[in-house]
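Biologist: I am new to this structure and would like a close look at a single part, the place where the ligand sits. Please take me through that part slowly, and then through the pieces of the chain that you think I should look at next.

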Amino acid sequence: MCVNPPPDAVPGTPEGCAFLVGAGPGDPELLTLRAARVLAGADVVLYDALIDPAILALARPGARRIDVGKRCGRHAMSQAAINQLIVGCARDGAVVVRLKGGDPFVFGRGGEELDCLRAAGIKVQVVPGVTAACAAAASLQLPLTHRGVARSLHFVTGHGANGTLPAHEWAALTRAGGTLAAYMAGRTIAPLAAALIAAGLPGPTPAVAVENASRPNERHVFATLAGLAEAIAAAAPEGPMLVLIGAVLDRALVAEAGALARAA
Ligand code: SAH
């Protein structure tokens with residue numbers, strides 16, 4: 001039965017319910033208090049790859065924990081199968097937590113899961129999480145927007161159909177003059193940078209790739225937009241990686257140089 005029911009659940013009914021929960025970028029300290037509370041009341045937790053064990057440990061001891069996002073060559077469960085599983089468990093009367101990396105509604109397919117749950121008439125609540133771009137920016141001490149430098153922030157995906165670069169409005173993104181946060185761009189960073197340069201963003205625009213933001217193995221690769229693909233290839237990242245591009249990065253470069261000078 002649903003112990004922490006979503007607001008429109010009927011009290012006392014033995015029906016299950018679902019929570020779409022953002023687990024944040026990795027560091028367990030970046031989990032919200034609400035996420036921790038909801039986990040503590042879960043019967044079933046369906047979790048993505050790379051969720052820290054310390055976060056999973058917050059689930060009720062008897063809760064079923066199901067890894068639906070296996071990595072390293074092993075197949076992840078298909079989105080359709082995940083949707084079915086959430087709905088099936090909730091229909092059986094379970095409190096289901098769908099625990100997702102970052103925020104459920106930022107490139108997380110949370111909308112599809114929400115639609116399925118609603119169509120099945122299951123009560124659902126969404127718990128936001130810290131998205132990777134915010135975690136990366138915090139590590140770098142980099143404001144994503146900054147008065148007079150970056151007046152907008154654009155989240156774009158580098159991963160379109162068949163893993164190719166999606167057809168974004170490159171000219172509009174370039175004209176906007178804000179900060180660009182590219183998710184899932186590991187394989188498409190070369191065409192992504194080329195598209196931005198062709199649309200008018202100067203090649204020397206500063207950029208950074210942040211791997212494993214908020215985790216102990218976090219790494220940063222600073223480069224110009226023109227040199228970014230090569231710099232990333234040389235660093236050979238293996239973990240999740242986010243790319244930030246824009247004039248505001250100059251501040252991060254100054255901060256990094258300061259840190260290096262202090263360390264020397
Ligand atoms: N819902 C997630 C994004 C899922 S898409 C969020 O809000 O953060 C997966 C992509 O997110 C990865 O390819 C990478 O671009 C980014 N990402 C997720 N976690 C990250 C991390 N700890 N460090 C860097 N990038 C990360």
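Modeller: What follows begins with the ligand and its surroundings and then turns to some strands, helices and loops. Please keep in mind throughout that this is a predicted model.

The ligand is surrounded by 17 residues, and the closest of them are Asp103, Val106, Thr131, Ala213 and Met241. Sorted by class, this shell consists of eleven nonpolar, four polar and two charged residues. Domain 1 (17-127) and domain 2 (132-263) each supply at least three residues to the shell, so that both domains have to be kept in view when looking at the ligand.

Some distances between polar atoms can be followed one by one. An oxygen atom of the ligand lies 2.6 Å from an N or O atom in the side chain of threonine 131, whereas at methionine 184 it is a backbone N or O atom that lies 2.9 Å from an oxygen atom of the ligand. A nitrogen atom of the ligand, in turn, is 2.9 Å from a polar backbone atom of glycine 101. As for cover, the ligand taken alone exposes 540 Å², and the protein buries 86% of that.

From the ligand we can turn to the strands, beginning with S2, which spans residues 44-47. In a regular strand the side chains alternate between the two faces of the sheet. In S2 both faces are covered, with Val44 and Leu46 buried on one side and Val45 and Tyr47 buried on the other. Strand S2 runs parallel to strand S3 (residues 64-67), to which four bridges join it, and S2 also pairs in the parallel sense with strand S4 (residues 95-100), again over four bridges. Tyrosine 47 shows both pairings in one residue, since its bridge partner in S3 is aspartate 67, while its bridge partner in S4 is leucine 99.

After S4 comes a loop that leads to helix H4 (110-119), and arginine 109 is found in this loop. The phi of arginine 109 is near 60°, a positive value in a residue other than glycine, and arginine 109 counts as partly exposed because its relative accessibility is 44%. Within helix H4 lies glutamate 113, which counts as buried because its relative accessibility is 1%. The side chain of glutamate 113 makes a polar contact of 2.9 Å with that of glutamine 79, and another polar contact, of 3.1 Å, joins the side chains of glutamate 113 and lysine 100.

Helix H5 covers residues 132-140, and its buried residues include Ala133, Ala135, Ala136, Ala137 and Leu140. An α-helix has 3.6 residues a turn, so residues three or four places apart point the same way. Glutamine 141 follows H5 and has a positive phi, near 55°.

Further along the chain, alanine 236 has its place in the loop between helix H8 (228-235) and strand S10 (241-245). The phi of alanine 236 is also positive, near 45°, in a residue other than glycine, and because its relative accessibility is 48%, alanine 236 counts as partly exposed. Strand S10 contains isoleucine 245, which counts as buried because its relative accessibility is 1%. Isoleucine 245 and leucine 144 are 101 residues apart along the chain, and their C-alpha atoms are separated by 9.9 Å.

Methods: Residues numbered from 1 in each chain as written. Predicted model: local features only at pLDDT ≥ 70, side-chain atom pairs only at ≥ 80, totals over all residues. Heavy atoms only, no water. Near = heavy atom within 4 Å. Polar contact = N/O pair within 3.5 Å; in protein donor to acceptor, adjacent residues only side chain to side chain. Areas by Shrake-Rupley, 256 points an atom, 1.4 Å probe, with all protein chains shown as cover. Nonpolar A, V, L, I, M, F, W, Y, C, P; charged D, E, K, R; others polar. Buried < 20%, exposed > 50% of the residue type's maximum accessible area, 1.4 Å probe, protein only. Helix = DSSP H or I, 4+ residues; strand = E, 2+ residues; numbered from the N terminus. Pairing = 2+ DSSP bridges.
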